[in-house]
Amino acid sequence: MTANSNGSVCLDCGMCCNGTFLDYAAVTGEEATVLEPLGLPVKVIDGLGLRIQLPCRKFDGCCTIYADRPAVCRNFQCRLLKSLDKRRIEAGYALQRIQLLKALKAELQQVIPDQKEKSYFREVRDFVLDIEKGSPEYRREHAKTLMIGTRFMNLINEDFFHMQDDADDRTESVSP
Ligand code: SF4
Ligand code: SF4
């Protein structure tokens, strides 16, 4: 969650904290010494370094350690927020996209449980790949989930965060 002038839309969203797109967020060693005593564990992930796991333990509808959140959270802007900052879109449009994403996620969760071991995006992507590899009968049975899952992933890629195959944290998308 960011703190720019358009950050109020984040209060209706929280998708970058709750594990919808990403598995981890990068932190520094210095930040780890602040976060761990606050009850937010920092792990060393092979090949990535220090990370907090998402969904973030300190997300409870909003950030509960807002003043102490790490730089990656202060600086992160999804595509929607960047467009809002550059006045390419209005706040009303951003809120509509957030509500749509929430609605698609809620519908998918009735079929694809959020195990919280990987981002929900990955959960949906793996389920969709499974449907696509299935028999014609299986694909027919899951046609609605395939359609909603594809819409969910496209919406994330277009409006929120471009998911590369191995994207698992916010590092590459943090604004300079
Ligand atoms: S995904 Fe974007 S709009 Fe949503 S909380 Fe994160 S930065 Fe804000
Ligand atoms: S520390 Fe706060 S802003 Fe950062 S991921 Fe956790 S809840 Fe979100």
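Let's start with ligand 1. In this predicted model, 14 residues surround ligand 1. The closest are Cys10, Cys13, Met15, Cys16 and Cys78. Which helices each supply at least two residues of that shell? Helix 1, residues 8-11, and helix 4, residues 79-85. By class, the shell around ligand 1 holds 11 nonpolar residues, three polar and no charged.

Now ligand 2. Here 10 residues surround the ligand. Cys17, Cys56, Phe59, Cys63 and Cys73 are the closest. The class split for ligand 2 is eight nonpolar, no polar and two charged. So keep the two shells in mind: no charged residues around ligand 1, two around ligand 2.

Next, the core. A general point to begin with: in soluble globular proteins, nonpolar side chains tend to be buried together. In this model, the largest nonpolar core has 35 residues. Which residues have the most contacts inside that core? Cys16, Phe21, Ala25, Ile52 and Phe160. Several elements each supply at least two residues of this core: strand 1 (24-26), helix 3 (71-75), helix 4, helix 5, helix 6 and helix 8. You have met Cys16 already, among the closest residues to ligand 1. Helix 4 also comes back, as a supplier to the ligand 1 shell.

On to helix 6, residues 120-133. It has 14 residues, and at 1.5 Å a residue they should span 20 Å. The end C-alpha atoms of helix 6 are 20 Å apart, which agrees. Which residues of helix 6 are buried? Tyr120, Phe121, Glu123, Val124 and Val128. These buried residues cover an arc of only 160 degrees around the axis, so they sit on the same side of helix 6. The general rule is familiar: an α-helix has 3.6 residues a turn, so residues three or four places apart point the same way. What lies over that buried side? The cover includes helix 5 (91-109) and helix 8 (143-160). Turned away from the buried side is a face with the exposed residues Asp126, Leu129, Asp130 and Lys133.

Last, one residue: Asp12. You'll find Asp12 in the loop between helix 1 and strand 1. Asp12 has 13 other C-beta atoms within 10 Å, so it is classed as partly exposed. Which residues does Asp12 touch, not counting those up to four places away in sequence? Leu95 and Ile98. Take the pair Asp12 and Leu95. They are 83 residues apart in sequence, but 7.5 Å apart in space, C-alpha to C-alpha.

That's the tour. Questions, please.

Note on methods:
Residues numbered from 1 in each chain as written. Chains lettered and ligands numbered in written order. Predicted model: local features only at pLDDT ≥ 70, side-chain atom pairs only at ≥ 80, totals over all residues. Near = placed C-beta within 6 Å. Helix = DSSP H or I, 4+ residues; strand = E, 2+ residues; numbered from the N terminus. Nonpolar A, V, L, I, M, F, W, Y, C, P; charged D, E, K, R; others polar. Expected span 1.5 Å × (residues − 1). Buried ≥ 20, exposed ≤ 12 C-beta atoms within 10 Å, placed from the backbone. Arc of directions from axis to C-beta. Contact = placed C-beta atoms within 7 Å. Core = buried A, V, L, I, M, F, W, Y, C linked by C-beta atoms within 7 Å.
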